[in-house]
Amino acid sequence: MKQLPRSLRRIAAGSLMACAVMAALPSCGGKAENNAEATPEGFVTVKDGKFYLNDSVYTFIGTNFWYGAILGSEGRGGDRKRLVAELDSLHALGLDNLRILAGGDGNVSLPSHIEPTLQTAPGVYNDTILAGLDFLISEMEKRDMKAVVYLNNAWEWSGGYGQYLEWAGEGECPLPLKDGYEDYMRFVSKFPKSEKAKQMAIKHAENIVGRTNRYTGKPYSESPAIMSWQIANEPRAFCEDGKEQFAQWIEVTAKAIKKVDPNHLVSTGSEGRHGCEQDIELWKRIHSYPEVDYANIHMWPYNWGWVGKETLKDSLPSAKRHTREYVDAHLAAIASEKKPIVIEEFGFPRDGMEIAKGSPVAARDEYYDYVMEMVGNGEGKVAGINFWGWGGIANPSHRSWQPGDEYTGDPAQEDQGLNSVFAADSTTLSIIRKHTGK
């Protein structure tokens with residue numbers, strides 16, 4: 001039986017804080033790739049299936065921090081004091097690799113949609129959010145942190161596919177909370193087949209990749225804080241007859257990004273087989289292009305049915321077995337390409353499906369420990385991971401996000417705090433320190 005997608009299954013202070021979470025060093029050791037002479041100092045490169053940072057092998061444990069650019073703004077939703085505090089805390093934990101969203105697209109005041117958005121119309125930008133992205137990147141540079149910046153989204157919570165289709169004249173995108181995810185997915189399956197929508201998405205990618213940071217005065221192409229430009233969050237074909245056009249779009253977009261910025265890596269943002277209509281050969285294909293530098297997979301044990309709401313703890317052996325099988329299948333599929341693989345999204349609910357800060361996370365802690373061991377056990381097969389996601393010092397006000405609420409690691413369409421790691425989750429932070437300190 002085909003597994004349901006993640007979104008369908010889940011409708012549902014500064015230095016003081018840094019001291020509280022203790023410092024830990026990220027892991028390193030190795031040699032630069034063949035074209036490293038042309039690559040500026042401090043950039044991540046790839047050689048023989050491994051990441052390199054300058055002359056050392058680069059492996060990492062990081063997190064998803066998609067709302068960083070909104071926090072970095074000085075408008076509605078912005079909180080630079082909190083952003084600086086969160087970055088200090090993440091850096092102290094050794095979580096120096098952050099996966100972030102460049103910004104949302106389109107309308108605001110829609111159910112389950114983040115706001116404010118970055119791209120208000122095709123090629124028209126909210127300068128306040130652009131400033132927020134600039135500020136975030138500049139602050140990450142100061143801390144020697146690395147960002148994976150995704151430029152689009154297959155899901156509704158930031159606009160993405162559905163918004164581009166509306167701009168392309170394909171009609172109004174269904175709202176999943178009102179119309180259901182089946183209608184939504186049927187509509188967005190048009191994206192890979194819409195040349196107009198795809199071209200607008202590519203142009204947006206070129207605009208962001210090609211900009212200059214107002215705070216550092218440097219083009220983004222010269223920023224060591226950027227590890228990778230990512231085509232989209234969980235890009236999909238959403239239908240069998242769109243797989244060819246989907247693969248071609250990935251290739252064309254990757255080439256367009258590399259043309260604007262040859263210094264940085266490019267990645268897809270794929271979930272793996274689960275995001276490729278269960279076709280692992282399609283996943284291998286979109287990661288075989290020369291312009292795609294490494295492979296991505298995501299894993300969601302609860303959302304994919306590996307554990308149950310009432311059996312989060314008891315089902316952990318099953319979750320671990322499915323996780324190992326999923327990782328191994330993708331490692332085998334990509335082996336001939338000699339490209340690193342990153343588990344850039346994985347999440348696990350709080351015990352009892354609670355959302356409150358400080359609520360128990362025993363099952364999650366055990367699962368995190370298991371996945372993080374894949375980076376730290378010396379196998380060298382998984383090059384990095386980014387857990388989902390960092391809630392930090394946020395205080396969720398409602399189970400469903402409301403405009404004006406603080407952002408957590410959970411996007412607007414999801415239960416606020418359910419999959420988030422808060423600064424108050426001391427047992428989880430201890431596990432993170434153990435692995436980042438290896």
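The following questions and answers concern a predicted model of a protein chain.

Me: What is the average pLDDT of the protein chain, and which residues stay under 50?
Reply: In this predicted model, 90% of the residues score at least 70, and the chain averages a pLDDT of 91. One stretch stays under 50, and the model has 105 contacts beyond four places in sequence for that stretch. The average asked for is 91, and the stretch under 50 is residues 1-37.

Me: Is strand 14 largely enclosed or exposed?
Reply: Strand 14 covers residues 382-387. Residues count as buried under 20% relative accessible area. Six of the six residues of strand 14 meet that description, so the strand is largely enclosed by the rest of the structure.

Me: Which strands pair with strand 14 in the parallel sense?
Reply: Over four bridges, residues 60-64 pair with strand 14 in the parallel sense, and Thr 63 stands opposite Phe 387 there. Three bridges join residues 341-346 to strand 14, also parallel, with Ile 341 as the bridge partner of Val 382. The partners are therefore strand 5 and strand 13.

Me: Which elements give two or more residues to the lining of the largest cavity?
Reply: The largest cavity has a volume of about 50 Å³, and its lining includes Ala 201, Ala 205, Trp 249 and Thr 253. The lining residues divide into five nonpolar, two polar and no charged. The elements that give two or more residues to this lining are helix 9 (195-209) and helix 10 (243-260).

Me: Is Ser 359 buried or exposed, and what separates its C-alpha atom from that of Asp 425?
Reply: Ser 359 is found in the loop between strand 13 and helix 13, and it counts as buried at 11% relative accessibility. Beyond its neighbours within four places in sequence, Ser 359 is in contact with Arg 350, Glu 354 and Asp 425. Ser 359 and Asp 425 are 66 residues apart along the chain, and their C-alpha atoms are separated by 8.1 Å.

Me: Where are the cis peptide bonds that precede Pro 116 and Gly 389?
Reply: Most peptide bonds are trans. Pro 116 lies in the loop between strand 6 and strand 7, and Gly 389 in the loop between strand 14 and strand 15. Omega is near -5 degrees for the cis bond from Glu 115 to Pro 116, and about -15 degrees for the one joining Trp 388 and Gly 389.

Me: Is Lys 338 buried or exposed?
Reply: Lys 338 has a positive phi of about 55 degrees although it is not a glycine. Lys 338 lies in the loop between helix 12 and strand 13. At 56% relative accessibility, Lys 338 counts as exposed.

How values were computed:
Residues are numbered from 1 along each chain as its sequence is written. This is a predicted model: local features need pLDDT of at least 70, side-chain atom pairs count only at pLDDT 80 or more; totals for chains, interfaces and linings use all residues. Side-chain values use heavy atoms; hydrogens and water are left out. Buried means under 20% relative accessible area, exposed over 50%, partly exposed in between (1.4 Å probe, protein chains only). Two strands pair if DSSP finds at least two bridges between them. pLDDT is the predictor's confidence in each residue, from 0 to 100. Contact means heavy atoms within 4.5 Å. On a 1 Å grid over the protein atoms alone, a cavity is a set of points where a 1.4 Å probe fits but cannot get out, and a pocket is an open set with protein on both sides within 12 Å along at least five of seven lines; lining residues have an atom within 4 Å of a point. Grid points are joined across faces, edges and corners, and a volume is the space filled by probe spheres set on the points. Ala, Val, Leu, Ile, Met, Phe, Trp, Tyr, Cys and Pro count as nonpolar, Asp, Glu, Lys and Arg as charged, and the others, Gly among them, as polar.
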